Amino acid sequence: MDTPVSPLGPDVLERDDLRRALDEHDFAAAFALIKKWAGLSQNKIATACDLTPGKVSNVISGRHQITSITVIRRIADGLGIPGALLGLAPRPWERQMQHPAAPPAEDRQPPEEVPWRPDATVGLADRLTRSDLMMNRRAATRALSAAAVTGAALLDALEGWLQPAGADSWPRRRGRLGERDLDALEATARAFRSWDHQYGGGLRRKAILGQLSEVAAALEEHQKGAIERRLYGVMAQLAGSAATMAWDSGLQRRAQDYYRVALRSAHAAGDTLFGANVLAGMARQMLYADRPQDALELVRLAQDGVRTTAGPRLRAMLHTREAWAYAAMGRHVAFQRASMQAAEGLDSAERDEEPYWIHYFNTAELAGVTGGRLLDLARIGPHKHAPAAAQEIRTALDQRGPEASRSHALDWIGLAECAFLLGDVTEAAETTRHAVSAAARTQSGRVRHQLAQLYPYTVGRDAPGPLREARDHIRDLLAT
């Protein structure tokens, strides 16, 4: 038996009133206390214990008593209650939990059912947001050290993407959300996405998680067909923003978890276009982790899902991810081919024909991404690729202003590195000053990481005064 991920924390299981109710098999009191102190709804208790919501409701109201030892075992296993608290022998999973090599529950990759069920996606979103919103300092440190999943473990978990959704496993009561509610929620998700694009990770992530938790709670009820699809679309948007903010804050595994929620929510909403965008985000994360083959597989999975439906702007963006992977693999000809396909696709794009969330991908973004990939190549062949990289990055800087804070700062950092690679110390010192100034206007951890990569270029006993000044600026910003 697999070790259950208990929704009841130690603080709940150690309560005297809950222990007394469990010892007396008073499940009316026990379920009511679990609802109150663990924040679990009747539907969640029912799902965990393999009961119907109606039966749980009858138990809580006193209209039904649980006496079957088989059902009591299911409750223990479903809610992660040690057998001793219910007068049972230790459950098999309790022995597994005592094994010294067992990793923390939140660090394990849960199995993926195929086909994907929308209600399981709601449960995943609820567990993640509840865990994140209650995360203490020790858990945050552990989350920072959790590595991203790669290879078959990552790719096999996404098999449900190209298959129709499965049916929900439990009945839900009718919801009451209307068109006006969804209009407001969609506007909020759009605003949060703008926050992420402008500022990156940081304190704003908690606000997104709170909204995502509220949307997951609304999806525990059965909304009208069109309303429910739109609500899953909102959850996809919010989870996508939460993923990029988590990644930007250095939470690699947690970012992947939210990407999974975003992809599965888009799947439940029937929004394959946004799903492809999520897979592109996952590919970008793999590229930063030096896993270009995984990234290429994710891009191809995205392309397979939208081959006949994607507009030119989305196709162009996917080609840039493809080009990025080829560049990282040293396949220069394939990189050039994919980059040309991206440019050709963008040339044929119209501003209003595709969803708002892909409008960020314009000629400035294409130039910035292409410049960044040429910079990767320039680290091996500086004089062959650095001038072209600098030209593309300058194009990006000319076309997008400081309002795109994170991208603006990354552009300046890339341009400074080009100058260092070409040995132009005066230009390097000037562009580094701009890079530090731009980096100071964003909370992005990724920007600070890239700035730290620039620092070694400024170190040396014979560094001229402007370069020493640039080094001090970097050091002062990183110290804060």
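This report describes the nonpolar cores, two helices and one partly exposed threonine of a predicted model.

## Basis of the model

Because the structure is a predicted model, local features need pLDDT of at least 70 and side-chain atom pairs count only at pLDDT 80 or more, while totals for chains, interfaces and linings use all residues. Residues are numbered from 1 along each chain as its sequence is written, and side-chain values use heavy atoms, with hydrogens and water left out.

## Nonpolar cores

A nonpolar core is a set of buried Ala, Val, Leu, Ile, Met, Phe, Trp, Tyr and Cys residues joined through side-chain atoms within 4.5 Å, where buried means under 20% relative accessible area, exposed over 50% and partly exposed in between (1.4 Å probe, protein chains only). The largest such core has 110 residues, and M235, L279 and L451 have the most contacts inside it. Helix 13 (residues 225-248) gives the most to this core, with 13 residues; helices here are DSSP runs (H or I, at least four residues) numbered from the N terminus. A second, separate core of 29 residues includes V12, I34, I72 and L79.

## Helices 15 and 8

Helix 15 (residues 272-288) reaches 25 Å from its first C-alpha to its last, close to the 24 Å expected, the expected span being 1.5 Å times one less than the number of residues. Of its 17 residues, 14 are buried, and the helix is followed by D290, whose phi is positive, near 60°.

Helix 8 (residues 118-133) reaches 23 Å, close to the 22 Å expected, and its buried residues include P118, V122, L124 and L128.

## Threonine 188

T188 is found in helix 11 (residues 179-199) and counts as partly exposed because its relative accessibility is 24%.
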